[in-house]
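Welcome! Open your viewer and let's take a short walk together, one selection at a time.

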Amino acid sequence: MKTKVKATFLFCFFLLLSCLYANSQQEESTTLSSNSDAKIKVTPEQKEKYHLKPVHAQLYFDCIFCHEGQGNNPENFEAPDEEVCLACHKSKLYLAKRLEFMDTLKANPHNSVHDGPNLYCDECHREHEPSVNMCSECHLKEIKNNIWMKATP
Amino acid sequence: MANVSRRNFFKIGAVGAGMIALGSTAANADTKKVKYDEEYDVVIIGSGFAALSAAITSAEKGNKVVIVEKMGRIGGNSVINGGLLAVVHSPKQKAEGVQDSVELYMKDSMKAGRNINHPELLKVIATRSNDALNLVQKCGAKFYDKLSHLGGHSVPRTYLSANGSGSGIVIPMFNYLKKMPNVTIKRRTKFEEFILDDTGSVVGILAKEKYRFDSKLKDDDRENKTGKEKYYKAKKGVVMASGGFSRDIFYRKQQDPRISDDADSTNQPGATAGALLKAFEVGAVPVHVSWIQFGPWACPDEKGFGAASNFNINATFRYGISVNAKTGKRYMNELADRRTRATAMFKLVNDNKNYPINICDQTAVDNIIPELAEKALKAGVVKKYNTIEDLAAAYGIPLKELKETIKQYNNYVKAGKDPDFGKPVDKADGVQIAKAPFYGTKGVPKLHHTMGGLKINTKAQVISTKTKEPIPGLYAAGEITGGTHGASRLGSCSIPDCLVFGMIAGENI
């Protein structure tokens, strides 16, 4: 009997949680679709929170440059697909060719021994936070000893 | 509870708790209420060797296939391993005049596996390893000219991928699949739940798209809330090919409490137990889950598999020796199975981090792919010394004893017999430790392979604890399965395991 009560309580609790979850999803999608054409106003606080990499900041990119059609609330923005990056940066094979000087021991991250040109840009390159070097998961030594690439831009 | 609608059941699941309490309702819930976002014949979880080979064989039969990979990267551990594939009765064995047999392969594996292997699975791998080799060669995989002879194998039978990594097999397979119109590959998409019908058959999955794995979380499977729910119908079956759990700190410790939280592993960060546990929830038989393997060829001076591992596998262990730095003496058969070697090494390492030193000479290095040595040297994990004196001084090994050990070992090579540890020195191509420069590297075993997992039959069907029969619609292949390798897997036997059973899963769906 006791377990049944407990189970019912748990069930109601999860049902409630699931409704909340479902509602929050709903709201999010409404905001996105109804306001997708609106102008984005970026406050100084938001600019501080979502600061750009220097190279992109110098080009005066606004949010919509990458987050096109994602509404006007930066809090709801999603990471853009890599096509957005490649609209300017062409292709990973192009980048690999251009950055061939990094290709010591076939470590060129844009066309590496392990992944070829198949890695998503944002496995390593981050726009609003410090970038990481995914290769360091296994090849920390090579990177520390400066055999490979420098810090990821 | 039986009235819980399918939709709510999975909504609850997505919120992230209570699944085990609710698990028993899975088979009774009304699957008709699940609104599928997408429909496929075959849904494959994971994107490594097992997943890709299952995708190829099932898609070539005309099935509409989707591959679901939670990481941003394709291939899991398969793109970062040493690319070693054991094949019985291979063309290279024929060319090199090596006498091999299915029985000998099984005998070698059973010996390493302490005879708790499931022989019917081993037999399938040995018998069909050539078919797996043909499959990957058809996709364009290239291999090094010479066979490798790995620890625990009676004869050389190992193909080494031409680029020295499993990626030399994965990338051609991935490219092959990309050209097939009936195959969809979804990355950053995480398998969440099975969808079962009234009879308990697996008929689909709940997944989360745009999932971002977060290695900073202690338990990604539980804590990560990213991604959007999607239901995929699997008209003919679901293949679990999501690999092992060497990076699952909680779960591996439950299986072997000796494994410390900070113990290093050669695996990619996504190797967690989430998918395995979901399969247990729907009744899959757990096999050998607590048998966890350490790779004895790793190096404490770098993270993960790194650059030293392949150097040791190909050069120092086959053509050289491993010595106790304190005594200058050998302490194991450098070509024993992994369990034997890891145990012997841990005895030293646990003695105040007295890391053993693996040693070989220039002739050994001339016998391996030049890149392997170059990489390891440039990374600074393998070091080159002009004399044995220099090498001994660098690692603090007593010189007189080391010289004596080397002299003795060279005599063993000449005689073709190692009376101390039984290393098959007759297979060392007569390579002694004699020609300068000499190479040294520190050794440590790292968490490498989880032997246990789901019980499958020879058709790659997952067996149910309840019925002792296959769970309809559920297949598995690769490291997520258990039993094949018993207590310890021989090197280069995982890739054929993954490829063969992936292939078989695809053939049987």
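The tour below has two parts, a single lysine and then a sheet with its helix. Keep in mind as you go that this is a predicted model.

**First stop: one lysine**

Select strand β7 of chain B, residues 202-209, and pick out K208(B) within this strand. Is K208(B) part of a salt bridge, or without one? K208(B) is buried but has no salt bridge. Now show E192(B), the nearest side chain of opposite charge, which is 4.3 Å away; the cut-off for a salt bridge is 4 Å.

Next, select T226(B): its backbone oxygen is 3.3 Å from a polar atom of the K208(B) side chain. To see more of the surroundings, add other residues that K208(B) touches, among them R188(B), T189(B), K190(B), N224(B) and K228(B).

**Second stop: a four-stranded sheet**

Stay in chain B and select β11, β12, β14 and β13, which in that order form an open, antiparallel sheet. At the edges you will find β11 (321-323) and β13 (382-385); each has a single partner strand, so one side of each has no neighbour in the sheet. Turn the view a little: neighbouring strands here are rotated by 30° against each other on average, ignoring direction.

Zoom in on β11(B) and β12(B), residues 357-361, where three bridges join the two strands in the antiparallel sense. One pair to label is V323(B) and its bridge partner in β12(B), I357(B).

**Last stop: the helix across the sheet**

Finally, select helix α11 of chain B, residues 308-319. This helix lies across β11, β12, β13 and β14 (438-442), and runs at about 65° to β12(B).

Terms used:
Residues numbered from 1 in each chain as written. Chains lettered and ligands numbered in written order. Predicted model: local features only at pLDDT ≥ 70, side-chain atom pairs only at ≥ 80, totals over all residues. Heavy atoms only, no water. Buried < 20%, exposed > 50% of the residue type's maximum accessible area, 1.4 Å probe, protein only. Lys, Arg positive; Asp, Glu negative; His and termini not counted. Polar contact = N/O pair within 3.5 Å; in protein donor to acceptor, adjacent residues only side chain to side chain. Contact = heavy atoms within 4.5 Å. Pairing = 2+ DSSP bridges. Axes fitted to C-alpha atoms, helices over the stretch in contact; angles between N-to-C directions. Lists of a residue's contacts leave out its neighbours within four places in sequence.
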